[in-house]
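Here's a quick tour of a protein model for you to follow along with. Keep the 3D view open and look up each residue as it comes up.

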Amino acid sequence: MTISEATSQLGRMPVNPIFNPEGNDDPNHRTIWFGDTTNLMQLNDVRYDWAVGLYRQMRENFWISEKLDITQDVTDYVNLTPDERRAFDGVLSYLTFLDSVQTVNLPQLKVSITAPEVSMCMAEQISQEALHNQSYQYMIETIVPSDRRSAVYDFWRTDKVLHDRCEFIAKQYQRYVDDPTLENYFGSLMADYLLESLYFYNGFIFFYNLASRMLMPGSADIFKMINRDELSHVRLFQKLLPEAMEVFPHSKDMIYEMFDTAVKHECKWTNHIVGNNILGITETSTEQYTKYLANMRLRAIGLKPLYTEPRYLKSPYTHLERFSDTKAEGHTKANFFEAQVTSYVMSSGVGGWDEI
Ligand SMILES: [Fe+2]
Ligand SMILES: [Fe+2]
């Protein structure tokens with residue numbers, strides 16, 4: 001019996017040894033979890049070809065935030081309405097939390113993955129989440145006046161709604177760390193999928209909406225790059241979850257309940273920080289968009305939509321999609337007000353992005 005089999009029989013999630021010389025790296029013997037790898041990155045012959053393509057795409061997405069020009073945003077910020085400025089600060093603070101918690105949690109999930117090609121994608125994902133945090137810092141230090149910066153970093157400390165939201169999200173991850181059962185590992189995977197595929201998007205929309213009104217174009221350019229990265233993470237989890245549903249104990253009811261709670265919390269937070277006070281966004285459009293996204297994310301992992309009314313089957317923000325530029329092939333080619341291609345055209349066109 002392997003270490004992995006022994007631990008999983010106890011109902012505990014096995015953690016990979018650093019080196020397992022008795023392991024078997026044959027691709028036919030490989031599984032994403034509960035495998036028996038040596039832990040050498042044997043990549044010449046893999047079982048999960050999609051992971052190799054995804055990793056290449058993630059690397060091709062490489063970008064540096066300081067190369068994006070955000071000077072117009074410095075003057076725009078001062079001219080935003082007080083509600084827009086509060087939303088800018090709050091959304092940035094929330095997104096900083098999300099990317100921070102990802103860099104802490106993803107390693108917890110990664111140590112149990114036994115297919116090196118999949119583990120490699122998660123390593124790149126962790127690196128990208130750190131890059132996102134660094135880009136928020138670049139925005140805050142450049143755009144936000146110095147006397148206001150700490151308030152942005154500390155927004156979660158002073159705003160009770162955000163504080164409670166952060167605690168809820170962190171607790172879903174902490175449950176597995178405190179009690180590493182197979183059920184809790186699956187719960188942590190699903191919580192990650194909700195974060196990657198649902199929690200970022202009302203924030204992205206807020207920035208694309210400002211850009212559509214010719215405001216804060218540099219910030220929107222940065223969010224386009226982050227958005228593109230996040231979609232690669234969504235794609236990773238859309239591969240992992242159907243597989244996880246085959247091997248981990250779980251219930252469909254639990255998944256639907258997690259989605260419904262996530263939608264409620266996301267709407268509550270977005271209404272609190274954006275609400276009806278920003279031109280182009282209303283509490284109704286937030287609800288419609290969040291439920292539309294949840295339906296789409298459920299379908300992508302082979303489950304039925306949760307919100308069946310026709311209005312929840314389409315996005316209220318299709319007019320902003322040209323700003324996100326994540327439909328087509330997932331490439332971000334130009335900044336908002338230029339037709340020229342920026343220095344970030346690096347993709348050789350890995351296919352399969354249309355569904356996200
Ligand atoms: Fe991120
Ligand atoms: Fe992510």
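Right after α10 comes M214, with a positive phi near 65 degrees. This is a predicted model, so treat everything below as a reading of that prediction. We'll begin with that loop residue, then move on to the helices, the iron ions and the empty spaces.

**Backbone oddities**

- Most residues other than glycine have a negative phi.
- M214 is one to look at against that background, as its phi is positive without the residue being a glycine.
- You'll find M214 in the loop that connects α10 and α11.
- F34 isn't a glycine either, yet its phi is positive, at about 65 degrees.
- To find F34, go to the loop between α1 (3–9) and α2 (49–60).
- With a relative accessibility of 22%, F34 counts as partly exposed, since the cut-off for buried is under 20%.

**Helix α10**

- Helix α10 covers residues 201–212, and its 12 residues should span 16 Å at 1.5 Å a residue.
- The C-alpha atoms at the ends of α10 are indeed 16 Å apart, which agrees with that expectation.
- How many of the 12 residues of α10 are buried? The count is 11, so to speak of α10 as mostly covered is fair.
- Among the buried residues of α10 are Y201, F204, F206, F207 and Y208, and the list also includes G203, N209 and A211.
- The cover over these buried residues includes α4 (82–110), α9 (182–199), α11 (217–247) and α12 (252–273), along with α13 (283–300) and α14 (321–324).

**Helix α11**

- Helix α11 has 31 residues, and the distance from its first C-alpha to its last is 45 Å. That is close to the 45 Å expected at 1.5 Å a residue.
- Of the 31 residues of α11, 26 are buried, so the rest of the structure largely encloses this helix.

**The iron ion (ligand 1)**

- Which residues are the protein donors of the iron ion (ligand 1)? They are D99 (OD), E129 (OE), H132 (ND1) and E230 (OE), at 1.8 to 2.2 Å from the ion.
- Along the chain, the donors of the iron ion (ligand 1) have the spacing D-x29-E-x2-H-x97-E.
- The angles among the four donor atoms of the iron ion (ligand 1) run from 85 to 146 degrees, and the site is irregular.
- D99 sits in helix α4 and E230 in helix α11, so this pair ties together parts that are 131 residues apart in sequence.
- Both D99 and E230 are buried.

**The iron ion (ligand 2)**

- The iron ion (ligand 2) has E129 (OE), E196 (OE), E230 (OE) and H233 (ND1) as its protein donors, 2.0 to 2.2 Å away.
- In sequence, the donors of the iron ion (ligand 2) are spaced as E-x66-E-x33-E-x2-H.
- What makes the arrangement around the iron ion (ligand 2) irregular? Its four donor atoms subtend angles of 78 to 156 degrees.
- E129 coordinates both the iron ion (ligand 2) and the iron ion (ligand 1), which are 3.6 Å apart.
- Helix α5 (residues 116–143) holds E129 and helix α11 holds H233, so the pair ties together parts that are 104 residues apart in sequence.
- Are E129 and H233 buried or exposed? Both of them are buried.

**Another residue in helix α5**

- Helix α5 is also where E141 lies.
- E141 has a relative accessibility of 32%, so it counts as partly exposed.
- Apart from neighbours within four places in sequence, E141 is in contact with R149 and Y153.

**Pockets and cavities**

- The largest pocket holds about 230 Å³ of space.
- Its lining has 14 residues, and the closest to the pocket's centre are Q172, R175, G187, M254 and M258.
- The helices α8 (160–178), α9 and α12 each give at least two residues to the lining of the largest pocket.
- There are four cavities of 30 Å³ or more in the structure.
- The second largest cavity contains about 110 Å³ of space.
- Among the 13 residues lining the second largest cavity, S4, N16, P17, G35 and T114 are the closest to its centre.

Terms used:
Residues are numbered from 1 along each chain as its sequence is written. Chains are lettered from A and ligands numbered from 1 in the order in which they are written. This is a predicted model: local features need pLDDT of at least 70, side-chain atom pairs count only at pLDDT 80 or more; totals for chains, interfaces and linings use all residues. Side-chain values use heavy atoms; hydrogens and water are left out. Helices (H or I, at least four residues) and strands (E, at least two) are DSSP runs, numbered from the N terminus. The expected span of a helix is 1.5 Å times one less than its number of residues. Buried means under 20% relative accessible area, exposed over 50%, partly exposed in between (1.4 Å probe, protein chains only). Contact means heavy atoms within 4.5 Å. Donors are N, O and S atoms within 2.8 Å of the metal (3.2 Å for Na, K and Ca); water is not among the atoms, so sites may look incomplete. Four donors count as tetrahedral if all angles lie between 85 and 135 degrees; four count as square planar and six as octahedral if opposite donors are over 155 degrees apart and all others between 65 and 115; anything else is irregular. On a 1 Å grid over the protein atoms alone, a cavity is a set of points where a 1.4 Å probe fits but cannot get out, and a pocket is an open set with protein on both sides within 12 Å along at least five of seven lines; lining residues have an atom within 4 Å of a point. Grid points are joined across faces, edges and corners, and a volume is the space filled by probe spheres set on the points.
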